[in-house]
Amino acid sequence: MSLRTNALTTDDRVLRGARWSFRFSHRTALVCGILVGALLVLLVAALMIGEYIVTPAALIETLLGRPPERLDGFFVLGRRLPRSLVAIVVGASLAVAGAVFQSLTRNPLASPDVIGISSGASVGAVVVMLVLGGSLAQAALGAVIGALLIAGVIVLFTARSGLHGVQLILTGVALSATAMAVVDYVLTQVFVASATTAQTWLTGSLQGRGWGDLLPALSALLLIIPLLVWAAPAARMMALGDSVSTALGVRTVRARWILLAAATLLVAVAVATAGPISFVALIAPHIARRLSGATSFLASGLVGSLLLLTSDLLAQNIFPAPIPVGVVTITIGGAFFLWLLWREGARRG
């Protein structure tokens with residue numbers, strides 16, 4: 001019996017074709033199906049609930065292009081649907097990027113916001129918007145450049161030890177602090193109104209997001225999904241260690257660079273769309289692994305979408321006035337992060 005066959009659990013299957021094979025887990029498929037159903041239910045709730053209540057019958061008619069009232073069409077199609085779809089896409093992008101970073105580094109604490117990728121994207125976007133006076137599309141390019149620069153510095157500083165270990169976390173924390181110091185300095189040099197707007201964006205906000213904001217984020221996610229599907233088997237092998245994955249025929253250096261670039265681009269576009277929303281990339285992969293029993297980019301993306309859409313629904317409706325969604329994710333993520341640190345400390349102790 002081959003080594004690959006021995007590695008499969010009882011509910012896993014390997015489906016083979018002439019040139020392709022992929023791993024199929026019944027548990028992961030079931031979890032993903034449940035997550036999709038929960039996401040659809042939450043999306044319906046997000047379209048109905050708010051300062052203007054839309055009835056189920058009115059929602060169906062509006063989605064079919066026959067809104068009973070003008071306000072139904074305005075709130076559902078003009079405001080809530082694009083905002084909810086942006087939350088789904090951004091949450092999925094951040095969560096998938098977090099799963100990639102944790103898989104590459106073999107470190108449960110590694111995520112774009114912890115190791116500085118999100119902060120680098122923030123610097124690039126803020127400099128373009130506030131210093132150079134660029135548009136949102138140009139800010140997205142600045143975010144990509146900033147994220148890639150931070151990722152390059154991280155690779156440079158961790159070249160000897162590899163993308164794992166304490167050195168990676170310490171390097172990322174230092175770079176993140178430096179990047180946010182640059183952002184704070186820029187905010188002190190611009191008009192108060194511009195600084196206030198930028199500060200809200202830096203917290204992470206979906207306020208005012210529309211159809212124009214959905215297209216770039218969705219395009220980036222759809223373009224990178226095939227690459228991740230192709231690289232997923234290599235990522236699973238690399239989680240066993242470089243020596244084992246190399247012995248199994250994985251070109252670790254090439255796979256690592258491809259996955260790092262894909263995850264960095266996802267983070268950059270997500271940050272440019274909704275700001276540096278914290279902790280989604282850290283929490284979602286852990287929840288997905290606990291549910292599915294294995295690392296799954298699809299399950300992580302669905303959990304990320306569900307988490308961000310839930311947070312946005314809470315941010316809009318449970319407080320006296322709407323607040324940025326990043327405040328809710330920070331509150332949830334901070335508690336989760338402390339629990340994760342405690343668990344890791346207890347395990348090592």
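Before selecting anything, take in the whole chain, which has 14 helices and two strands, and keep in mind throughout that this is a predicted model. Of the 349 residues in the protein, 50% are buried. If you display contacts with a separation of 6 or more, 71% of them come from residues 24 or more positions apart. Switching to a surface view, you are looking at about 17,100 Å² of exposed area, of which carbon and sulfur atoms supply 70%.

**First stop: helix 2**

Select residues 26-48, which make up helix 2. The helix has 23 residues, and the distance from its first C-alpha to its last is 34 Å, close to the 33 Å expected at 1.5 Å a residue. Colouring by accessibility picks out its buried residues, among them Thr28, Val31, Cys32, Leu35 and Leu39 in the earlier part of the list, and Ala46, Leu47 and Met48 at its end. Step past the end of the helix to Gly50, where phi is positive, near 155°.

**Second stop: the salt bridges**

The structure holds three salt bridges, and each is worth selecting in turn. Begin with Glu51 and Arg79, whose closest N and O atoms are 3.3 Å apart. Because Arg79 lies in helix 4 (residues 70-105) while Glu51 sits in the loop between helix 2 and helix 3 (56-63), this pair ties together parts that are 28 residues apart in sequence. The two partners can be compared by their accessibility: Glu51, at 59% relative accessibility, counts as exposed, whereas Arg79, at 35%, counts as partly exposed.

Next, select Glu61 together with Arg66, whose side chains meet in a salt bridge with an N to O distance of 3.1 Å. Glu61 has a relative accessibility of 28% and counts as partly exposed, and Arg66 is likewise partly exposed, with a relative accessible area of 48%.

For the remaining pair, select Asp312 and Arg83, where the side chains form a salt bridge at 2.8 Å, N to O. This pair links distant parts of the chain, since Asp312 belongs to helix 13 (residues 297-317) and Arg83 to helix 4, 229 residues apart. Are these two residues buried or exposed? Asp312, at 2% relative accessibility, counts as buried, and Arg83, at 10%, also counts as buried; the cut-off that both values satisfy is under 20% relative accessible area.

**Third stop: a nonpolar surface patch**

Return to the surface view and select Leu218, Leu222, Ile225 and Val229, which form a nonpolar patch with about 340 Å² of accessible area together. To place the patch on the fold, follow Ile225, which is found in helix 9 (residues 211-238). Ile225 itself counts as partly exposed, at 38% relative accessibility.

**Last stop: helix 12**

Finally, select residues 280-292, the 13 residues of helix 12, whose end C-alpha atoms are 18 Å apart, in agreement with the 18 Å that a rise of 1.5 Å a residue should give. Which residues of this helix are buried? They are Val280, Ala281, Leu282, Ile283, Ala284, Pro285, His286, Ala288 and Ser292. Just after the helix, select Gly293 and check its backbone, where phi takes a positive value of about 80°.

Key:
Residues numbered from 1 in each chain as written. Heavy atoms only, no water. Salt bridge = Lys/Arg side-chain N within 4 Å of Asp/Glu carboxyl O. Helix = DSSP H or I, 4+ residues; strand = E, 2+ residues; numbered from the N terminus. Buried < 20%, exposed > 50% of the residue type's maximum accessible area, 1.4 Å probe, protein only. Contact = heavy atoms within 4.5 Å. Areas by Shrake-Rupley, 256 points an atom, 1.4 Å probe, with all protein chains shown as cover. Expected span 1.5 Å × (residues − 1). Patch = residues over 30% accessible without salt bridge, like charges linked within 9 Å, V, L, I, M, F, W, Y side chains within 5 Å.
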